[in-house]
Amino acid sequence: MQALVTGGAGFIGSNIVDSLVDGGHHVRVLDDLSTGYAENVNAEAELLVGEVVDADLVARAVEGAEVVFHQAAHRAVLRSVEQPLATDHANVHGTLTVLKAAADAGVRRVVYASSSSVYGGADRLPTPESAPTWPRSPYAVTKLTGEHYCRVFAELYGVETVAMRYFNVYGPRQRPDSAYAAVIPLFIEALRQGVPARVHGDGKQSRDFTFIDDVVAANLAAASAPAERCSGNAYNIAGGCAYSLLDMLAILGDILDVEWQTDHGDPRPGDVRHTRADISAARNDLGHDPEVDFADGLARTVAWFTHR
Ligand SMILES: NC(=O)c1ccc[n+]([C@@H]2O[C@H](COP(=O)([O-])OP(=O)(O)OC[C@H]3O[C@@H](n4cnc5c(N)ncnc54)[C@H](O)[C@@H]3O)[C@@H](O)[C@H]2O)c1
């Protein structure tokens, strides 16, 4: 198959590209290298440098593609609060540009990177996709708007779409500045240096962490699942278990074989206390089940941060 991965120089996109190339597929990447790195892009893939809002460039990028994995986005929540127009332009107009080009070019399916932030801290845990959405940042609004465009394109424009609500993705190539997953490299560094790990609040806040290989597998499953089951839908993509920051420290302490201490600061304003996804819809409709447990994923992440 021929595939386009937008954002294929970034953390998640570049891992999807590697897996597609390994599977013998022809891969094109469209990335403006704003937060991604050209050296992340597999040498077998074709790299087009530019923005997803550039309609002419996107039209070239989708040419001949059967599936588009649309990962490119401004994904910093804080930046979206400071620069909502820029985030909206890249994420909403960019997604619309990709969908329109895909429909015009006869692309079979677009798999869209959405986010658990669309829930804005759901009351119901584990959270099913039917839970109310309540975005609490411009970033989250753009991700939800992209989902609506995906559904509308599936209904009106003849292109199949599947939206993936990722929950806290972590693993090799993750950027150290992404919220929450970022604590992993920070904790690893603190434990290796023997200094107390800085924890906001009591450390009992928990997240459903998702290992990158499972996110890649979910994308591949979403590319091939039967359209009548999944097209136009949004799915939680998560590990399906929640771990607190203190749980994470304990596991990292075991992996690195060190004693650890914490230094507690104020809770972060607006921080959601717990997230945990109901992942049964992805299991039923996409045939996707996460395989990497948290301790294993953390061990692989420690190894990557140690040896890069
Ligand atoms: N990492 C997570 O935990 C997480 C959670 C939920 C959703 N997501 C979503 O997953 C996707 C990938 O995120 P990531 O963590 O790999 O981030 P990342 O920043 O590593 O990757 C994003 C990539 O998109 C590129 N890009 C950004 N704006 C672009 C534009 N306008 N045109 C072309 N390329 C552009 C960047 O250069 C980068 O390579 C994003 O859509 C993000 O919103 C990520």
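Which side chain meets D271 in a salt bridge? Select D271 and R207: their side chains form that salt bridge, at 3.3 Å from N to O. The model on screen is predicted.

Stay on this pair for a moment. D271 sits in the loop between strand 13 (262–265) and helix 10 (280–286), while R207 belongs to strand 9 (residues 206–207), so the contact ties together parts that are 64 residues apart in sequence. Colour the two by accessibility. D271 is partly exposed, with a relative accessible area of 30%, whereas R207 is buried at 4%.

Next, select E66, R108, R109 and E160. Salt bridges that share partners join these residues into one network. Within the selection, look at E66 and R108, whose closest N and O atoms are 2.9 Å apart in a salt bridge. This pair links distant parts of the chain: E66 is in the loop between helix 2 and strand 4 (67–70), and R108 is in the loop between helix 4 (84–105) and strand 5 (109–115), 42 residues apart. E66 is partly exposed, with a relative accessible area of 31%. R108 is also partly exposed, at 28% relative accessibility.

Now select R28 and E46. Their side chains meet in a salt bridge of 3.2 Å, N to O. Here the partners lie in strands: R28 in strand 2 (residues 26–31) and E46 in strand 3, so the pair ties together parts 18 residues apart in sequence. R28 is buried, with a relative accessible area of 11%. For E46 the value is 34%, which makes the residue partly exposed. A search of the whole structure finds 16 salt bridges, if you want to look for others.

From strand 3, follow the chain onward to E51. This residue is found in the loop between strand 3 (46–49) and helix 2 (55–62). E51 is partly exposed, with a relative accessible area of 44%. Add D32, D54 and D56 to the selection: together with E51 they gather in a patch of negative charge on the surface.

The last stop is helix 2. Which of its residues are buried? Select L57, V58, A61 and V62 to see them. Turn the view until you look down the helix axis: the buried residues fall within an arc of 130°, so they line one face of the helix. An α-helix has 3.6 residues a turn, so residues three or four places apart point the same way. Then rotate to the face turned away from the buried side, where the exposed residues D56 and R60 are carried. D56 also belongs to the negative patch visited earlier.

Key: Residues are numbered from 1 along each chain as its sequence is written. This is a predicted model: local features need pLDDT of at least 70, side-chain atom pairs count only at pLDDT 80 or more; totals for chains, interfaces and linings use all residues. Side-chain values use heavy atoms; hydrogens and water are left out. Patches are made of residues with over 30% relative accessible area and no salt bridge: like charges are joined within 9 Å, nonpolar side chains (Val, Leu, Ile, Met, Phe, Trp, Tyr) within 5 Å. Accessible areas come from the Shrake-Rupley method with a 1.4 Å probe; for residues, only the protein chains shown count as cover. A salt bridge is a side-chain nitrogen of Lys or Arg within 4 Å of a carboxyl oxygen of Asp or Glu. Lys and Arg count as positive and Asp and Glu as negative; His and the chain ends are not counted. The place of a charge is taken as NZ of Lys, CZ of Arg, CG of Asp or CD of Glu. Helices (H or I, at least four residues) and strands (E, at least two) are DSSP runs, numbered from the N terminus. Buried means under 20% relative accessible area, exposed over 50%, partly exposed in between (1.4 Å probe, protein chains only). The arc is that of the directions from the helix axis to the C-beta atoms.
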